[in-house]
Amino acid sequence: MMYSVNHGLWWTIFLASLLLAPLLFGIINKVKAFFGGRCGPRLLQLYYDMFKLSRKAGIFSRTSSGVLQLAPIVSLLATVMAMLFIPGGLFRSPLAFGGDVIFFCYLLGLSRMLTILAAMDTGSSFAGMGASREAHFSVLAEAVLFAIVVFLAIVARSICLSDLLSPLSLVTPGISVPAVLLVAGAFFIIILVENCRLPFDDPETHLELTMIHEAMILDYAGPELAMIHYTASLKLWSLCAVLALLLLPQRVGGALTGVLAYLALIVAFAVGIGVVESIMARYRFLKVPHLLVGSLAAVLTAVLLLLFF
Amino acid sequence: MELVLIILLPLLFAVLALSLCRHGQWPLRLLQLGAVCHLLLVCYVTLPGRASNAVSFHGIDLFGLDQVSRLFLTLTSLLFACVAAHCGRWYPADRLLGSKRGHGHSMRPGLFVACMLAFLSMMSMVLLACNLGVLWVAVEATTLASAPLIIFHQGPRSLEAMWKYLLICSVGIGLALFGTLLLATAFTGPQELSPGLNLSALMAARNALDSSWFKAAFIFILAGYGTKMGLAPFHTWLPDAHSEAPATVSALLSASLLNCSFLGILRFVQIAPPELTGFCRTLLIALGLCSLVVAAFFIIRQRDYKRMLAFSSVEHMGLAAIILGLGMNNLAYVHLCGHSLTKMMLFLTAGSILLTYDTRTVHAVKGMFGAIPRTATLWVIGVLLICGTPPSPLFITELLLVTQAPLWLGATVLTLLFVVFCGMASICLDMVMGPRPETPPDSEAVKAAESLCGIPALAVVTVLFMGAALIFFIENSQWV
Amino acid sequence: MSSWPAIILVVFLLSSIVLVSSSRLVHCIQLVALQGVLLGIMPLIFWDWQSSPPHGELVFLAIVNIAIKGIALPMLLILAMRRAQVRRELEPLVGYALSQLIAMLIIAGCFAGYRHLIGGTTANSAMLAIPVAASTMLIGLFVIIARRKAITQVIGFLVFENGIAVFASGLMVHHGAIVELGILLDVFALVFIMGIAVFKISREFQHIDADRLNTLRDRRDHENTAPPAGFTAE
C-alpha cells in the first residue's frame, strides 16, 4: 500500500496542523505540571500569549541591523514551507519531488541559521553565547539527522520524504525491529536537541548563563516574539510528525483511523517529552556531544544491521 | 581416581597451611611434605606399564594421562620437590636478612606456602587436562595462583610486575579462550557426532575440521598461550615478573609454568588437520625466531642478572617453538626438560647472589669467587650449561636443531645463539671475577648463601648426567 | 518472537558504546553489570522454545552467570573503587568523543569484515552474535589501552571477556557445565585478585594510574628508582 493521493484531505490536515501546533507546548506543560503536582497553565496558554504579544508593538535595538527584524518572518516562512513536504497522515504531499528530504532538512537549517544570525546581530553577549552553543549542537545533531535519512533512504530506495516515510517500508521481518527502535530512539533525541528541550537546554530557566534558545531571543518583543514562539511550535510539530509517520503501524485501516492514529502518536510524543523533562536534569554542556555522538553510533549500528543482515 | 588426587592433594595441604599451621616452621614443613607426597603419587601413577583410567564427568573427559603428560608431570613434580626442599633454608634466611636490611615485610609463611601448593595443583591440572576447556581453565588458574607469589617482597616494583603479569596474561589467555571456542565451532560433521572439546575425540575427528576456522583458532591460540609461554611479541610481562619474584618462585615460573603453556600449544598442533600442519609449523618457527632475536638483543649489555635469566627463558622457549615447528616433537620435550632443570638451578643460585649482595645490578656484584666461591662455581657452570656448552643436554638439542633445519634457519639460529652466549658469558665473568668488593657482604649473608648450594649442585649433577646419557643414547640409535 | 535475540545483541553493543563514553566509574560498572545480566539470559533467549523447554543445566548456568557476572563482580569492583578512593577516570589517554568514534569504527570494521568473510549468503540473527562479539572484544581491549586507571583496565578486561562469552552463547558452543563453571570461577577469582592489587597499588603509590607503572624496563641503572631528568633509554 502506498500513500493514497488525496490533495483535499492533505490540505485539510496541513491547515489543521498549522492550527494545532501550539497545543503541543500546552500538553508538555500540563504533563510537567502533573508530575510536579501542580495545576499548571491552561492547555491553550500559548495561544493567549501569542494573541497578547501580537497586539503589542515591536521594539528593536538601535545598534542592530535589518537581520534582527527580518529573521522571525523568514524563519517562520521556512518552517511552514518545510511542513509542506511532510505527508499528512496517510496522504502523499502534493508538492513532493525526488530529493525533497534534503530540501526539508535545509529549510529547517535556514530557519536556525537566521535565528543565530539575529542573535549575533543584537551584540548582546548572552545572545552570542546562546548562538554559539546552538551552532555547536546543531552541527552534531545534523550528522545524526542525515545518518537517519541515509538509513531511511536505504530502506525505501528513494530520497523523497513521502516515500521515505511510507509506513510499509520499515516493516520487514527479522532484524529490522532493533534497527527501527535504534533509529526511533535517535530521532527522539534529535527532536529534543532541535527543539531545545531538557537534557540539552532548559526552556524554563531564568539564568542566562545556561540558556540556549531563550538566550538567543532575549532582544525580541511583541509580534516578532509571537512569531518566534509560533515557529518553535511548528518545528516541534513537524519533527514529531516525521517520527510518527516512521512508527505508524502498517495495518491502520481506513483514512480516518490513519489520521487519528497519526495525531494520537504526535500527542503521545508531546507527552513523552513532558515525561522526559520531568524526570531528567539538564546535562552539562560537555556531556551533550557524548550523547549526540552516541546517538550517531546508534544510527550507524542500525545502518550496519540493515546492510549486513 | 588417583589423577584427581594428584590435583586435590596439594590443594588440601594448601588449605591446611592457610587454616591450621600458619606460624613458625609448620608451613614450610607442610610444603615439603606436600611436595614429597605429590612426587610419590606421581611416581606411582606414571610407573611404566600402569594405566590410569581417564576421569570423565557427564560424557566429558576431564583428566587423562598420555606420554607427554607423564613426562612433564614427573618433571614438574620433581622440580617442585627440589624447590620445596630449597625453601626450607632459603625462606628463613631471606626473612632474617630482609628484616635486618629494613626491606619491610615479606609474605606470611602460611600464605606463601598455600599459594605455592595451589600453584602446583593447577600446574598438575594443566598437565593432566584432556579437554581443551579444562586446559584453559587450568592455565588461567595457574596465573591466579602464582600472581600473589610475585609480590612476596611487598614493594612498588613487585606490585608493578604483578599488575603487568595479571593483565597481560589474562588478556592473552582470553584470546586463547576465543581460539578454543573457534575450534569448537570448526567441526563440520553432523551435530550428534560433534567431538566437543575432548582431546581424543578431536584427534580422531581432525579430518572433519574446517580449515579456515581452524586457522583462525590456531592464530588465537598461539597468541594466547604464546603470551603465557613468553614467545616474543607477547613476552613483555615475563622479564618483569621473573626478575621481581623471589628466587624460588622465579625458578618455578620459569622451569615449570612455561612448559605448561607449551603443552597448551602442543595440544593444538597435535589436532591440526593434516593439510594445516605446514601452516602451524610456519607460525611456530616465525614466533620462535622472533623470540630468539628479541632475547639476543636484550641479553647483550643487560644490567640485571635476573632479567638476563628471564630473557634466556624467552630464548629457550623460542628454540622449543622452532624445534616443534620443524616437527621434532621428542627433541622439543628433551630441550624443555634440559632447560627446566638448568634454569631452576640458575634462578636458585641467583637468589643466593641476591641474598649476599642485596642488589640485582650486574656491576654492583664483583669478585664472587673471592666472596662466595661455591655459589660462584655453580653460577659459572649453570651459565655455561644454559648456553649449551657440550656436556649439556641443550647442546645436543641445539646441535640437532641446527643440523636438521634448512640452511638459512640453522645459520640464523647459530648466529643468535652465539650472540646470546657472548652476552651471558661476559655478564657472568663480570660478576665472578674481579677484586673482592670494598665493602664485603656481611658474614651472615655469605654463610646463608653458601649453605644454599645443595639443591643447585644436585641439579647440576642431574643435568650433566642427563647430557651424558643423551649423547650415549643418540650415538646408539637413530632416534630423531 | 524471533527478533528478541537481535534486540538483546544490539542493546549489548550499545552498552559498550555508552561505556566507552562514560567517565564515572560507577556508571561503567553498572553497564558491565547490565552486560552480565544480558549474557546470563542470552542462552535462554537463543534457545529454540518451540521444540522443547530448556533443560535444567541451561537454566542453572544462566542463574549462576547472572549471579557472578551481573551481581558479584560489579560488587567487587565497586568495593575496590571505594577502597582505592577513585570515582572518575579523569584525563583518559583518548578523549571520550574520540573513543566513541573509534568504537564506531571498530563496530563498522567488524561488521564489514564479517560480511566479507561469509560472502554473499544471508545471515540469520544468531550469526549477528559473531560481529557483536568481535567488536565487544575489541572495544574491551581499546578500553584497556586508552584508560589510565588500573580499575578501568579491569572493567575493560571484563568487557573483553563478555565479548568472548557472547560468541560462545551466540553460537551455542556447548562445552559442558563443568568447564563453563570453571571459566566463571576463574574470571571471578581474577577480578578478586585484581581488586586486591588495585587496593595495594593505591596504597603504595597514592594513585592507580597504570601508565605511571613504568619503572621496570631494560635500560641502564634502573636499580635506582627515579631516573635522572632527560634520561632516555639506550
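Two residues count as being in contact here if their C-beta atoms, placed from the backbone, lie within 7 Å. With that in hand, let's look around this predicted model.

**View 1. Chain C meets chain B.**
Start where 36 residues of chain C are in contact with 37 residues of chain B. On chain C, two of the contributors are helix H6 (150-170) and helix H7 (177-205), each of which supplies at least two residues of the side that touches chain B. H7(C) gives the most to that side, with 14 residues. What kinds of residues does chain C bring to the side that touches chain B? They divide into 22 nonpolar, six polar and eight charged. Two pairs of chains touch, and the most contacts are between chains B and C.

**View 2. Helix H7 of chain C, end to end.**
Now zoom in on the helix that gives the most to the side of chain C touching chain B. How many residues does H7(C) have? The count is 29, and H7(C) reaches 41 Å from its first C-alpha to its last. At 1.5 Å a residue you'd expect 42 Å, so the two values are close, as the expected span is 1.5 Å times one less than the number of residues. Just past the helix, have a look at C:Gln206: this residue follows H7(C), and its phi is positive, near 65°.

**View 3. Chain C meets chain A.**
Next, swing over to the contact that takes 23 residues from chain C and 16 residues from chain A. Which helices of chain C each supply at least two residues of the side that touches chain A? They are helix H1 (4-20) and helix H4 (96-118). The largest share, 10 residues, comes from H4(C). Sort the residues on this side of chain C by type and you get 17 nonpolar, five polar and one charged.

**View 4. The gap between chains A and B.**
Chain C touches chain B and also chain A, but what about chains A and B themselves? Chain A and chain B do not touch. Their nearest C-alpha atoms are 21 Å apart.

**View 5. Chain A, helix after helix.**
If you're hunting for strands in chain A, you won't find any: the secondary structure comes to 11 helices and zero strands. Follow the sequence along and the pattern reads α-α-α-α-α-α-α-α-α-α-α. The C-alpha trace of chain A spans about 60 × 45 × 45 Å along its principal axes. Why does the overall size of chain A agree with a compact globule? With 309 residues, such a globule would have a radius of gyration near 19 Å, and chain A has 19 Å. Of these 309 residues, 47% count as buried. Take the contacts in chain A between residues at least 6 apart in sequence, and 78% of them join residues at least 24 apart.

**View 6. Chain B, helices plus two strands.**
Chain B has 19 helices and two strands. The radius of gyration of chain B is 22 Å, close to the 23 Å that the globule rule gives for 480 residues, so chain B is as compact as a globular protein of that length. Picture its C-alpha atoms filling a box of roughly 75 × 55 × 45 Å, taken along the principal axes. Inside chain B, 59% of the 480 residues count as buried. Contacts between residues at least 6 apart in sequence join residues at least 24 apart in 82% of cases.

**View 7. How confident is the predictor about chain B?**
Chain B averages a pLDDT of 87, and 98% of the residues score at least 70. Among the elements of chain B, strand E1 (residues 55-57) has the lowest mean pLDDT, 76. At the other end is helix H12 (residues 305-325) of chain B, with the highest mean, 92.

Notes
Residues numbered from 1 in each chain as written. Chains lettered and ligands numbered in written order. Predicted model: local features only at pLDDT ≥ 70, side-chain atom pairs only at ≥ 80, totals over all residues. Helix = DSSP H or I, 4+ residues; strand = E, 2+ residues; numbered from the N terminus. Rg over C-alpha atoms; globule rule 2.2 N^0.38 Å. Buried ≥ 20, exposed ≤ 12 C-beta atoms within 10 Å, placed from the backbone. Nonpolar A, V, L, I, M, F, W, Y, C, P; charged D, E, K, R; others polar. pLDDT = per-residue confidence, 0-100.
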